[in-house]
Amino acid sequence: MSSTRQLAAIMFTDIRGYKAWLQKVPGAPLMKYLLVSLLLLNPFVLNRLCAQDTNTTFYLKDTLPVSTSATSNPCILINGIWKYHPDDNAYPLDQWTSPDFNDTSWEETLSRLPMDTLPKGGWPGAGLFRLHLIVDSMLWNKPLAIYIVQKGASEIYLDGKLVRKYGIVGSTGNAETGVNTLTTHPGFVILSQSTHVISVRFSSFSLLHNRPPGITDLGFVVAIGNATTAIQQGINNLKFFRTIEILAIAIPLTFSLLHFLLFLFAGRIRSNLYFAVFTFVIALWGILEHESFFTVELQTALTLKRLWPVYTALAPLTGIRFLYALFYPKIPKQFWVFTLVAFALAIAAWFTRKIVPYLILILFLLYIFEMLRVVVVAIRGKKQGAKIIGFGFMTFGFSLLALIIAGLVFHYFSLHFFYGMLYLVGVLGILISMSLYLSLSISNTNKNLEVQTQKSHALEVENARKEVELEKAAELKEAYNALEAAHSTLKSTQAQLIQSEKMASLGELTAGVAHEIQNPLNFVNNFSEVNTELIDEMNHEVDKGNLPEVKSIARHIKENQEKITEHGKRADAIVKGMLQHSRSSSGVKEPTDINALVDEYLRLAYHGLRAKDKTFNATMKTDYDPSIGLVNVIPQDIGRVILNLITNAFYAVSEKNKTMTHLTPYPLEGGPEFVPTVSVQTKLQLPLPGGRGSDGANRFVEISVSDNGPGISAHILDKIFQPFFTTKPTGQGTGLGLSLSYDIVKAHGGEIKVNTSEGEGTEFIIQLPVSL
């Protein structure tokens with residue numbers, strides 16, 4: 001990975017390299033052309049362009065680059081004139097790679113093979129290249145890093161000896177196995193005399209016949225640099241670009257996941273779905289950039305690069321659709337015009353490289369102007385919350401203005417500054433403003449729900465009073481009709497409150513999952529730090545020229561990288577598990593491991609409370625019966641029941657602990673110290689008490705959740721399963737948790753019981769039947 005970042009830095013040293021790199025930058029194409037303008041103003045770039053050799057002999061001086069910043073060049077580019085001959089099998093390898101071979105009759109050409117200056121005979125797809133290298137004596141017998149930037153296959157020879165091979169060089173397109181060398185590690189060579197000959201056998205049939213838009217070079221560039229400098233820059237680039245990947249992928253993906261869950265569990269509001277799709281598209285943009293840049297297999301890399309104009313034409317449609325959903329009751333006609341034009345250009349971009357990319361750029365600018373127009377019209381129309389999104393677009397405009405001023409006025413460019421302004425200030429500002437707008441909309445909906453609930457209660461009381469006062473049958477019928485209407489309104493309100501309770505349980509689940517994800521992330525960070533130390537050791541061994549030790553350390557780095565991948569997949573599995581358990585219930589029973597389900601929600605409930613209250617702590621005791629096996633239940637519903645009971649148990653012991661802590665003295669004199677404890681037990685029982693199956697035909701699973709909290713008072717024990725009854729302070733509970741749990745268990749044909757002793761604790765027992 002580090003060498004990949006170094007090769008990206010190599011390409012910053014000529015204008016074509018800048019353009020090629022910009023094809024991969026995640027973000028708007030407008031940013032790409034802004035960056036080109038800034039780079040053209042950089043005096044360092046102009047100086048490097050003027051420093052290229054103009055003959056077939058290259059002088060390698062001892063002034064190799066030592067800077068290791070993300071935008072510096074760690075190597076000297078051998079970007080001059082090479083001797084060239086088509087690969088027509090006219091010369092054997094040992095002859096034309098020999099330093100003594102006479103190449104004066106060969107044609108001279110640039111190794112990059114730009115489309116506008118190809119050799120006189122054209123480029124058939126494969127050829128032989130030679131260059132004479134004069135080496136400063138200060139560089140003799142020192143390890144040097146050697147790179148090749150290509151989209152093809154090559155063999156590099158030094159004085160007739162093969163030193164590096166990338167892919168399989170073919171004489172036809174079918175025989176070639178191309179390699180995208182931006183993802184390969186550098187080679188190391190030692191130059192022991194003043195003159196050497198570098199020979200390259202190269203083919204690029206795949207690129208010649210499948211050239212994506214924006215790529216204008218068909219050849220290669222060889223670079224040589226200080227080994228220590230190249231490796232150190234790789235470390236620095238790895239740290240920097242890893243942060244960029246988080247900004248470009250992880251942050252939009254987080255927004256997408258959160259608002260998709262809000263869409264599922266907060267009333268199916270379509271604007272949440274459209275925003276989730278929009279942010280997912282932004283994250284997908286970063287993924288496409290990453291894969292097209294780092295994919296080793298050439299055909300895949302070229303295919304991904306061909307997707308860029310297609311993606312640029314289609315992706316912004318999701319952002320426009322989101323804004324239309326916010327501020328338009330119906331989709332305006334111009335959206336369908338945008339869609340038709342976008343698909344037409346996307347199809348055309350796949351088959352042509354001519355004027356279509358420029359038309360897509362114009363379309364992209366029209367997308368931006370349309371988004372701005374929608375927001376400005378909404379602000380002028382005083383649409384609620386429109387100014388919030390407008391502020392997000394202002395931050396994006398500010399980031400663009402800062403980049404322009406830095407380049408045009410101060411002649412300053414830095415990748416850290418560019419990505420910081422573009423993502424942290426610009427793109428992230430827009431995403432936060434849109435998310436805040438949707439959050440405020442949900443908040444206003446909840447306030448309206450409270451008002452409607454109060455009106456519903458008032459209407460219910462009024463109808464009850466009228467029912468008592470009415471004496472005649474006609475009056476009773478009229479009152480009955482009014483009561484039916486109120487009951488319908490109340491049921492609707494209760495359904496929304498039940499949805500709020502489900503969202504509350506989702507919050508508990510999300511907090512626990514966040515803690516579970518932290519563990520694999522810690523492993524990833526630890527192994528990354530170990531790799532950094534190993535690379536420092538590798539630098540030391542490289543300086544000593546101890547190549548066997550370098551290879552040994554490289555193997556350790558690879559093993560650590562595999563560990564990083566393993567724990568990354570573990571984090572991915574945790575997130576998928578969260579989606580599995582948080583989705584809406586399908587109502588279909590499926591074989592479920594009850595012990596695993598109980599244990600998972602025990603941990604998630606505990607970590608969820610810990611996320612809210614860092615001072616909370618409790619002892620957890622478990623006793624799972626391994627003979628239970630799989631039970632046919634609806635896992636999402638039973639999971640909610642278990643999560644509710646365990647959360648209530650943790651709340652009870654926490655409240656008792658707070659009460660005991662405030663006693664003076666504490667613990668009570670002569671008494672033991674109170675230890676908050678929650679116990680969970682599963683057991684396979686036979687048969688159901690008082691039911692059928694005394695001969696063993698039917699069995700049932702018993703799930704017990706007990707605590708040593710304050711217990712439940714006898715005078716409220718018969719009310720705990722009633723809807724809206726709660727002992728928690730106002731605002732901390734809806735009173736629907738146990739009521740919903742009771743209904744879910746009953747729907748499964750089971751029972752839920754409670755045993756309590758005031759002052760000593762409470763035990764809830766769930767009994768679920770198991771069919772043989």
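Hi everyone, let me start with Val149, a buried residue whose relative accessible area is 14%. Since the cut-off for buried is under 20% relative accessible area, Val149 falls on the buried side. One thing to keep in mind is that what we have here is a predicted model.

So where does Val149 sit? You'll find Val149 in strand S6. And here is a contact across the sequence: Val149 and Val221 lie 72 residues apart along the chain, yet their C-alpha atoms are 5.2 Å apart in space.

Let's stay with strand S6 for a moment. S6 covers residues 143–158, and its partner here is strand S7, residues 161–166. Do the two pair in the parallel or the antiparallel sense? They are antiparallel, with five bridges between them. If you'd like a pair to click on, Ser154 stands opposite Tyr166 of S7. The hairpin made by S6 and S7 has two residues between the strands, and Asp159 there has a positive phi, near 55 degrees.

Now, over to the surface. There is a negative patch, and its members are Glu529, Glu533, Asp536, Glu537 and Glu549. Which helix gives the most to this patch? That would be helix H15, residues 473–544, which supplies four residues. Asp536 is located in H15. Is Asp536 buried or exposed? Well, somewhere in between: its relative accessibility is 41%, so Asp536 counts as partly exposed. The partly exposed class runs between the 20% and 50% cut-offs.

To recap the two residues: Val149 is buried at 14%, while Asp536 is partly exposed at 41%. Thanks for listening, and I'm happy to rotate the model for anyone.

Notes: Residues numbered from 1 in each chain as written. Predicted model: local features only at pLDDT ≥ 70, side-chain atom pairs only at ≥ 80, totals over all residues. Heavy atoms only, no water. Pairing = 2+ DSSP bridges. Patch = residues over 30% accessible without salt bridge, like charges linked within 9 Å, V, L, I, M, F, W, Y side chains within 5 Å. Areas by Shrake-Rupley, 256 points an atom, 1.4 Å probe, with all protein chains shown as cover. Salt bridge = Lys/Arg side-chain N within 4 Å of Asp/Glu carboxyl O. Lys, Arg positive; Asp, Glu negative; His and termini not counted. Charge placed at Lys NZ, Arg CZ, Asp CG, Glu CD. Buried < 20%, exposed > 50% of the residue type's maximum accessible area, 1.4 Å probe, protein only.
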